[in-house]
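Grab a pencil and open your favourite viewer. Here are a few exercises to work through, each with a solution you can check yourself against.

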Amino acid sequence: MILPFLAAHWLDLTTTLLGLAYILLEYRASRLMWAVGLAMQVLGVVLYYEKGLYADCGMEFYYIAMTVYGFLAWRSAQTKGAPDAPTRRERPVTRIPLRTAAVWSLLTLALWALIWWILATKTDSTVPVADSFTTALSMAGMWALARKYLEQWFIWIAVDAVTCALYFHKDIPFKASLYGLYVVIAVAGYLRWRRLMHEAATAARA
C-alpha cells in the first residue's frame, strides 16, 4: 500500500526533500542553496509537466537561469583590502529600493495577467488564476532573492501560501505540505535576514 503510493509520488517526494534543504540553506543565507535548487528545478520540470501545471513547468526554466545568476551575484560582491591582496565578501542583505519595488510590482501584475490569459485560452489548465499568480510572483521573488533583498521573504510567504492550497488541489501532497512549512520558515527567515542586515550595518559603522 505504501510502496505503490511512494512509487507514484517519487518525483513529488524527491523535490520536496530537496526543497526543504533549499529553504533551510536560504534561511542560513548559504550559497549551497543554489546547487540544491538546481537539482530541484530540473526534476520540477518533469513533475509539473506531468501534473498539467504548465506555468509552473515553464517557470522552472526561469528558475534554472536565475539560479546561475544568483550564484554568480552572491559571489561577485565588492572586494576590500590592499590592492595587491583584496579579500572577497559575499553580497550583504539590503532593502529593496522603493522605486525598484514599484517597477517590479507593475511588471508582476502585467505578467500575471499575460500568463493567466495564456493558460485560460491556450492550454487545458484547470487552475489558470492561481497557477499564473504563483508563477508571476515567483519570478519577482527569485530575482529579489538573487539580489539578496530582505523583502524577498514577503513575496515567498504569499507564493507559498497559495501554492500550498494549489498543490493539495492538484494531488501533489508532499510538496503541498512542504509549502505549508515554507510559510513558517519564510517568517523565521525574514527575522534572521533582518538581524544579519542590522549586524552588518553595525559592523560597518564600527
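The exercises below go helix by helix, then turn to a loop and the cysteines; keep in mind that this is a predicted model.

**Exercise 1.** Work out how the span of α3 compares with the expected one, and find where the helix kinks.

*Solution.* Start with the ends: α3 covers residues 32-50, which is 19 residues. From first C-alpha to last, α3 reaches 28 Å, close to the 27 Å expected at 1.5 Å a residue. Next, follow the axis: α3 has a kink of about 30 degrees, and Gly 44 sits at its centre. Gly 44 is also among the buried residues of α3, along with Trp 34, Met 40 and Tyr 48, for instance. Now look at what those buried residues pack against: α2, α4, α6, α7 and α8. Finally, step just past the helix, where Gly 52 has a positive phi of about 75 degrees.

**Exercise 2.** Decide how α2 and α8 are oriented to each other.

*Solution.* In general, you describe two packed helices by the angle between their axes and the distance between those axes. Here the axes of α2 and α8 come within 9 Å and cross at roughly 0 degrees. Angles under 35 degrees count as roughly parallel, so α2 is roughly parallel to α8. On the α2 side, the contact includes Leu 13, Leu 20 and Ile 23, while α8 brings in Phe 174, Leu 181 and Trp 193, among others.

**Exercise 3.** Do the same span check for α4, then list what covers its buried residues.

*Solution.* With 22 residues, α4 reaches 32 Å from its first C-alpha to its last, close to the expected 32 Å. Its buried residues include Asp 56, Cys 57, Glu 60, Tyr 63 and Trp 74. Among the elements covering the buried residues of α4 are α3, α5, α6, α7 and α8.

**Exercise 4.** Place Pro 97 and classify its exposure.

*Solution.* First, the location: Pro 97 is in the loop between β2 and α5. Then the exposure: its relative accessibility is 39%, so Pro 97 counts as partly exposed. One more distance to check is the 9.2 Å between the C-alpha atoms of Pro 97 and Tyr 149, which are 52 residues apart along the chain.

**Exercise 5.** Are Cys 57 and Cys 164 buried or exposed, and how many disulfides are there?

*Solution.* The cut-off for buried is under 20% relative accessible area. Cys 57 comes in at 8%, so Cys 57 is buried. Cys 164 has 16% relative accessibility, so Cys 164 counts as buried too. As for disulfides, a search of the whole structure turns up zero.

Methods. Residues numbered from 1 in each chain as written. Predicted model: local features only at pLDDT ≥ 70, side-chain atom pairs only at ≥ 80, totals over all residues. Heavy atoms only, no water. Disulfide = S-S within 2.5 Å. Buried < 20%, exposed > 50% of the residue type's maximum accessible area, 1.4 Å probe, protein only. Helix = DSSP H or I, 4+ residues; strand = E, 2+ residues; numbered from the N terminus. Expected span 1.5 Å × (residues − 1). Bend = angle between axes of the 7 residues up to and from the residue. Contact = heavy atoms within 4.5 Å. Axes fitted to C-alpha atoms, helices over the stretch in contact; angles between N-to-C directions. Parallel < 35°, antiparallel > 145°, perpendicular 65-115°, else oblique.
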